[in-house]
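Reader: I would like a close look at a single part of this model, the internal cavity and what surrounds it. Please take the lining first and then follow the chain outwards from there.

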Amino acid sequence: MAAHRKPRNRPLGGSTARTAATLALAGAATATAFDGTGHAEPQRTPDQVRAEVDKLYQEAEAATEKYNGAREKADAAQRRLKSLQDEAARREDRLDSARDALGTVAAAQYRNGGLDPALQLALSADPDQYLEGAEFAERAGDRQSAAVARVRDQLREIERLRGAARIELASLRSRQAELKRNKQTITEKLGTARQLLDRLSPPERAGVTAEGTGGDRASRSHPGDGHSALPVVGPVAAPGPRATAAVAYAYQKIGSPYVWGATGPNAFDCSGLVQAAYRSAGIALPRTTYAQISAGRRVSRSELLPGDLVFFYSGISHVGIYVGNGQMVHAPNSSAPVRLAPISQMPFAGATRVV
């Protein structure tokens with residue numbers, strides 16, 4: 001019988017309790033280590049921060065060009081939608097007028113429709129006058145049939161316009177959703193870059209955001225201060241008056257802030273600066289880097305002349321205006337204003353001569 005007795009639960013005590021507590025603490029420490037909370041994030045060097053910030057800025061600029069393209073298409077869809085809505089409204093006004101006219105004719109026919117035409121002829125005091133009126137009524141009936149046909153055509157056209165407007169509205173909403181996604185991407189990339197820069201000391205941060213001596217001098221020269229306002233491009237001359245005007249505009253905007261999505265006159269992103277510079281010279285360029293690279297004749301790096309557009313990175317996500325002597329004026333990113341910089345600073349992707 002003793003073999004079937006249940007063993008009694010004895011309380012832990014003495015060395016047994018101490019062993020259990022030790023094991024529990026060890027388990028907690030191990031869990032903390034696996035959770036990652038027990039390890040501090042490794043400190044990045046300024047060079048590592050520079051590389052990561054450059055990558056974030058490049059990704060943000062690529063998203064900015066996508067944003068610019070989506071906004072351009074959204075604006076075009078908005079204009080087409082408004083045009084379709086205006087045309088539909090005009091058609092509806094004409095339709096209402098045609099319907100009113102048909103309603104007046106129908107009411108007159110109803111009022112005069114009580115007598116058979118032959119009986120009206122027999123009872124008429126002036127049969128000749130009645131016959132003339134009957135002939136006019138026949139011609140009026142033909143015109144009425146044509147009016148009814150026009151109303152039907154207008155109804156079909158209005159329905160076509162409404163269908164096209166629905167398509168444009170769907171396109172507009174799609175572009176607006178794309179704008180929102182790109183805007184969120186840009187904001188996140190720039191926010192992460194700012195956080196990384198904020199961890200550095202002021203001298204380290206200045207070293208990370210600097211683009212070289214020439215670029216630093218140019219970035220501190222604002223329009224109107226007399227230092228970088230003239231289109232001085234050394235011994236290399238621009239190929240024509242329009243290219244010269246575009247270069248002059250770019251020089252005048254040195255020191256202006258970078259704002260993504262901006263096209264001037266007081267702030268710019270990279271493609272916005274290029275578009276504004278050539279707009280001042282009377283030439284309309286597309287909005288995005290992807291389209292601007294195809295806006296003229298492609299030229300090699302060795303053929304560059306002032307006024308040429310120079311593009312960078314494999315995704316064609318950055319552009320500047322070449323000004324001679326291996327330099328360009330460009331709007332770099334949100335860490336720096338419009339400035340003069342060497343084209344060797346970034347991976348060269350191609351160049352285009354607009355004029």
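Author: A cavity here is a set of grid points where a 1.4 Å probe fits but cannot get out, and a lining residue has an atom within 4 Å of such a point. The model is predicted, and the values that follow are computed from it.

The structure holds 1 cavity of 30 Å³ or more. The volume of the largest cavity is about 60 Å³. Its lining consists of Tyr57, Ala60, Glu61, Thr64, Ile186, Leu190, Tyr258, Trp260, Pro332, Asn333 and Ser334. Two elements, helix 2 and helix 4 (127-198), give two or more residues each to this lining. Helix 2 contributes the most, with 4 residues. Sorted by class, the lining of the largest cavity has 7 nonpolar, 3 polar and 1 charged residues.

One of the lining residues, Trp260, leads to the aromatic pairs. A search of the whole structure finds 3 of these pairs. In one of them, the ring centres of tyrosine 67 and tryptophan 260 are 4.9 Å apart and the planes meet at 85 degrees, so the arrangement is edge-to-face. The partners come from distant parts of the chain, 193 residues apart: tyrosine 67 belongs to helix 2 (residues 46-112), and tryptophan 260 to the loop between helix 7 (241-252) and helix 8 (270-280). Tyrosine 67 has a relative accessible area of 13% and is therefore buried, since the limit for that class is under 20%. Tryptophan 260, at 23%, is partly exposed. Another edge-to-face pair is formed by tyrosine 249 and phenylalanine 268, with 6.4 Å centre to centre and 90 degrees between the planes. This pair also links distant parts of the chain, with tyrosine 249 in helix 7 and phenylalanine 268 in the loop between helix 7 and helix 8, 19 residues apart. Both tyrosine 249 and phenylalanine 268 are buried.

The loop between helix 7 and helix 8 also contains proline 265. Glycine 264 and proline 265 are joined by a cis peptide bond, with omega about 5 degrees.

Next comes helix 8, which is mostly covered, with 9 of its 11 residues buried. The buried residues are Cys270, Ser271, Gly272, Leu273, Val274, Gln275, Ala276, Ala277 and Tyr278. Just after helix 8, glycine 282 has a positive phi of about 85 degrees.

Cys270 and Ser271 of that helix are also among the contacts of threonine 289. Threonine 289 lies in helix 9 (residues 289-292) and has a relative accessibility of 0%, so it counts as buried. Leaving out residues up to four places away in sequence, its remaining contacts are Glu65, Phe311, Ile316, Ser317, His318 and Val319.

His318 is also touched by tyrosine 313. Tyrosine 313 sits in the loop between strand 2 (309-312) and strand 3 (318-324). Its other contacts, apart from neighbours within four places in sequence, are Gln58, Met346, Pro347 and Ala349. The C-alpha atom of tyrosine 313 is separated by 9.7 Å from that of alanine 62, although the two residues are 251 residues apart along the chain. Tyrosine 313 is buried because its relative accessible area is 17%, and under 20% is the requirement. Its phi is positive, about 70 degrees, although it is not a glycine.

Asparagine 325 is another residue other than glycine with a positive phi, in this case near 55 degrees. It is found in the loop between strand 3 and strand 4 (327-330). With a relative accessible area of 47%, asparagine 325 is partly exposed.

One further side-chain arrangement involves a charge and a ring: arginine 301 lies over the face of phenylalanine 348, at 4.9 Å from the ring centre.

As for the chain as a whole, it has 9 helices and 6 strands. Buried residues make up 34% of its 355 residues. Of the contacts in the chain with a separation of 6 or more, 67% are between residues 24 or more positions apart.

Terms used: Residues numbered from 1 in each chain as written. Predicted model: local features only at pLDDT ≥ 70, side-chain atom pairs only at ≥ 80, totals over all residues. Heavy atoms only, no water. Buried < 20%, exposed > 50% of the residue type's maximum accessible area, 1.4 Å probe, protein only. Contact = heavy atoms within 4.5 Å. Phe/Tyr/Trp six-rings, centres within 6.5 Å; stacked < 30°, edge-to-face > 60°. Lys NZ or Arg CZ within 6 Å of the ring centre and 35° of its normal. 1 Å grid on protein atoms, 1.4 Å probe; cavity = no way out; pocket = protein on both sides within 12 Å on 5 of 7 lines; lining within 4 Å. Points joined across faces, edges and corners; volume = space filled by probe spheres on them. Nonpolar A, V, L, I, M, F, W, Y, C, P; charged D, E, K, R; others polar.
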